[in-house]
Amino acid sequence: MSKSRNLAALLDSSGDVVAGALDNAGGGGGAWEVISSQTVTSAVSSVDFTGMSGYDKYQLMWSNVVCSGHPGGLALNFSTDDGSTWHTGWFDSLIAYSSENVADTIVADTNSSSYGRLPLNKMMHQYNTNEISVGQALIYNMHEAVYTHVESTTINDTSNGYLSYTDTRARLATTSVYNSITMYLINSVNFTGGTFTLYGIKNS
């Protein structure tokens, strides 16, 4: 069907959109759905999303995130058993980091297997509520017996007045099937504020 005929199918004789036509037109796939959202208002060591199922891909978004000390880089980890235990093995990651006080983008080919965690940003320096971290992480294939892949971007305000960002591309070098994720801060620093929202998308 041509584009003009597709458009005509949505309009009535007066040129107005037929009621319900857009809802029934189809989009070639699913849409992002909010699964859960958590807002931190007092100090917590992590934000967990457990019992995840039924979606092909996930997106975790965070905003207005502040922490209790310095340094406190964001990290992500995965569980196969609703958070009773967390992955302790390999993460392979490629990280690009840049800041206003850094002349060039720093690209690091890292292996974080010794940490049992996936670093999502290089550093957070927040001490004040106007110095925040925002970002998102896309998670692929965590319910399949293949490598789970993650791509994330974080933007950070730092206490020395600079803006920085970190881009991460990573995988869990295992074919386990996961059902839970946790986000926390490196070096045992707590979250003291922020909103974390988990979305899911289905292919059909």
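## Aromatic pairs, a nonpolar core and three asparagines

Three aromatic pairs turn up in this predicted model, counting rings of Phe, Tyr and Trp (its six-membered ring) whose centres lie within 6.5 Å. In one of them, the rings of Phe-191 and Phe-196 have centres 5.2 Å apart and planes at 65 degrees, so this pair is edge-to-face; planes over 60 degrees apart earn that label, those under 30 count as stacked and the rest as tilted. Because the model is predicted, local features need pLDDT of at least 70 and side-chain atom pairs pLDDT 80 or more, while totals for chains, interfaces and linings use all residues. Residues are numbered from 1 along each chain as its sequence is written, and side-chain values use heavy atoms, leaving out hydrogens and water.

**Rings and the core**

- Phe-191 and Phe-196 are both buried, meaning under 20% relative accessible area (exposed is over 50%, partly exposed in between; 1.4 Å probe, protein chains only).
- Both also appear among the residues with the most contacts inside the largest nonpolar core, which has 30 residues; such a core is a set of buried Ala, Val, Leu, Ile, Met, Phe, Trp, Tyr and Cys residues joined through side-chain atoms within 4.5 Å.
- Strand β3 gives this core its largest share, five residues (strands are DSSP runs of E, at least two residues, numbered from the N terminus).
- Leu-76, another of the residues with the most contacts inside the core, is in contact (heavy atoms within 4.5 Å) with residues including Leu-60, Phe-91, Val-150 and Met-183, leaving aside neighbours within four places in sequence.

**A charge over a ring**

- The charged end of Lys-202 sits over the ring of Tyr-55, 5.1 Å from the ring centre; the rule asks for NZ of Lys or CZ of Arg within 6 Å of the centre and within 35 degrees of the ring normal.

**Asn-77**

- Asn-77 belongs to strand β4 (residues 74–79) and is buried, with a relative accessible area of 4%.
- A polar atom of the Asn-77 side chain lies 2.9 Å from the backbone oxygen of His-87.
- Beyond four places in sequence, Asn-77 is in contact with residues including Trp-86, Arg-117 and Tyr-184.

**Positive phi**

- Most residues other than glycine have a negative phi.
- Asn-64, in strand β3 (residues 57–67), has a positive phi of about 55 degrees and is partly exposed at 46% relative accessible area.
- Asn-141 has a positive phi of about 65 degrees, lies in the loop between β8 (133–140) and β9 (148–157), and is partly exposed at 25%.

Note on methods: Helices (H or I, at least four residues) and strands (E, at least two) are DSSP runs, numbered from the N terminus. A polar contact is a pair of N or O atoms within 3.5 Å; within protein, one must be able to donate a hydrogen and the other to accept it, and residues adjacent in sequence count only if both atoms are side-chain atoms.
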